[in-house]
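Work through the exercises below with the model open beside you. Try each task before reading its solution.

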Amino acid sequence: MIQPLPILDDPLATVRQAVGRMLAERNPYFSLPQPLYNDERVHQLDIERIFAQEWLIAGMGCEIPSKGNYLTIEIGDNPVLVVRGADGAIHAFHNVCRHRGSRLCLHERGKVAKLVCPYHQWTYELDGRLLFAGTEMGTDFSMADYGLKPVHVREAGGFVFVSLAENPVSIDDFFATLEHYMAPYDMANTKVAVKSEIIEQANWKLVIENNRECYHCNGSHPELLNTLLEWDDVTDPRASEAFKQHVAACAMRWDTQGIPHAHASFGLRNRIVRMPLTEGAVSMTFDGKQGCNKLMGRITDPDLGSMRILHLPHSWNHCMGDHLINFTVWPLSAQRTKVITKWIVHKDAVEGVDYDVARLRQVWDATNDQDRRLAEENQRGINSLAYQPGPYSKTYEFGVIDFLDWYSERMLAHLGIDELSPQRTAAAV
């Protein structure tokens, strides 16, 4: 018999109250109630209370290497502009003119001397100050009152983070550790070799859930498993003795090279850990050989495994000796998500000489498409009348459990609710 789910059509409850109730009462070892995966009102709440409050990766510092270089992103209905200023500092603003609200920069990336609105040519300095509005505004108009509205921005380890929150949560400990772990890569001297964007007809949480487990890998990712070892740490209960010995041997070599590799976690939001690839593989290419002949930064040994960086709510990364892969996930609607993948190499690497773009992206193009199909089929099943939350494996799907714990805690906190679920409270006792 199909069990009725909490719905969002209760006239006595707001959407926020309904979502808060579902999260507070959920079983933390089961998937979420249906509306949290497919209701447009929940999507709007996810944007408002998660994506507009948490730190997000807007791009890479190497994408805006010098004065006037900019990039733009969309966080829900909020266009954001990130630009390199005259002093080399990175600034971020709402990409909205203070005159009548038109977007200032219309392209994903570019280079400008000043920020000029294409509508009426209001002109701003790269630090957001209004420089020109025309005499038409009258003698009592003060340009000092109409600078661009700033967005919090931080650069750490070559990644550019932004937050739309008025007072974003502090994750300085993660930023500092990320700087340390990324130091060997010398990210200021890198470039994006190629970028892909795919649209998945699935909720963003399903995209992240799929990423947070490799339970499905054997049946779905033959190209990826040529090089990837699914375990994130030797403490994984499934880890074999051979795997532990492989990790130990690699760790000794990395220590002599000054390559950080120890597991570093920051609550459930962030994790950094370097894990070996399969024996004999040095990069996440189809044959396991280098994808780029020119190694990153000060790295001299291509066999660095993959340093995996998790940043919730929306990013995972693989950092190898020869290139880095950055993934970001952007909700477009309740059942539509954009996944952006960037392959990053040394800035002096020459396409066609040091790397071949098709070969560099072969494994993850295949894997991304396989994951897209999995997420879309997951969404179609969840939309069914027959769907009800199902149990996760605490051994194989602990990463999914951790993600949903983080999501639930942050959503409840942003809603002003700090209740734990009855099941989790009982387990804690």
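**Exercise 1: The enclosed space**

Glu-200, Val-207, Asn-210, Asn-211, Trp-316, Val-339, Asn-368, Asp-371 and Ala-375 line the largest cavity. This is a predicted model, in which local features need pLDDT of at least 70, side-chain atom pairs count only at pLDDT 80 or more, and totals for chains, interfaces and linings use all residues. Residues are numbered from 1 along each chain as its sequence is written, and side-chain values use heavy atoms, with hydrogens and water left out.

Task: Describe the largest cavity by volume, lining elements and residue class.

Solution.
- Step 1. Fix the terms. On a 1 Å grid over the protein atoms alone, a cavity is a set of points where a 1.4 Å probe fits but cannot get out; a pocket is an open set with protein on both sides within 12 Å along at least five of seven lines; lining residues have an atom within 4 Å of a point.
- Step 2. Take the volume. The largest cavity holds about 80 Å³ of space. A volume is the space filled by probe spheres set on the points, with grid points joined across faces, edges and corners.
- Step 3. Find the elements. H5 and H8 each give at least two residues to the cavity lining. Helices (H or I, at least four residues) and strands (E, at least two) are DSSP runs, numbered from the N terminus.
- Step 4. Sort by class. The cavity lining has 4 nonpolar, 3 polar and 2 charged residues. Here Ala, Val, Leu, Ile, Met, Phe, Trp, Tyr, Cys and Pro count as nonpolar, Asp, Glu, Lys and Arg as charged, and the others, Gly among them, as polar.

**Exercise 2: The open pockets**

Task: Locate the two largest pockets and say which element gives most to each lining.

Solution.
- Step 1. The largest pocket has a volume of about 710 Å³. Its lining has 39 residues, and Asn-211, Arg-212, Asp-232, Arg-271 and Arg-308 are the closest to its centre.
- Step 2. H9 gives the largest share of this lining, 4 residues. The classes are 15 nonpolar, 13 polar and 11 charged.
- Step 3. Turn to the second largest pocket, at about 550 Å³. Among its 34 lining residues, Thr-72, Ile-73, Glu-74, Lys-338 and Ile-340 lie nearest the centre.
- Step 4. E16 gives the most here, with 6 residues. The lining has 13 nonpolar, 10 polar and 11 charged residues.

**Exercise 3: Domains and their contact**

Task: Lay out the domains, then describe the contact of domain 1 with domain 3.

Solution.
- Step 1. The chain is assigned domain 1 (12–53 + 392–415), domain 2 (56–163) and domain 3 (172–383). These bounds come from an automatic or database domain assignment.
- Step 2. The centres of domain 1 and domain 3, taken over C-alpha atoms, are 26 Å apart. Each side gives 26 residues to the contact, meaning heavy atoms within 4.5 Å.
- Step 3. About 2400 Å² is buried between domain 1 and domain 3, and carbon and sulfur atoms give 70% of that area. Buried area is the accessible area (1.4 Å probe) that two parts lose on being put together, summed over both.
- Step 4. Link back to the pockets. The lining of the largest pocket draws at least three residues from each of domain 1 and domain 3.

**Exercise 4: Backbone exceptions**

Task: Which bond is cis, and which residue other than glycine has a positive phi?

Solution.
- Step 1. Recall the background. Most residues other than glycine have a negative phi, and most peptide bonds are trans.
- Step 2. The cis peptide bond joins Leu-312 and Pro-313, with omega about 20 degrees. Pro-313 sits in the loop between E14 and E15.
- Step 3. Gln-121 has a positive phi, near 65 degrees. Gln-121 lies in the loop between strand E6 (115–116) and strand E7 (123–124).
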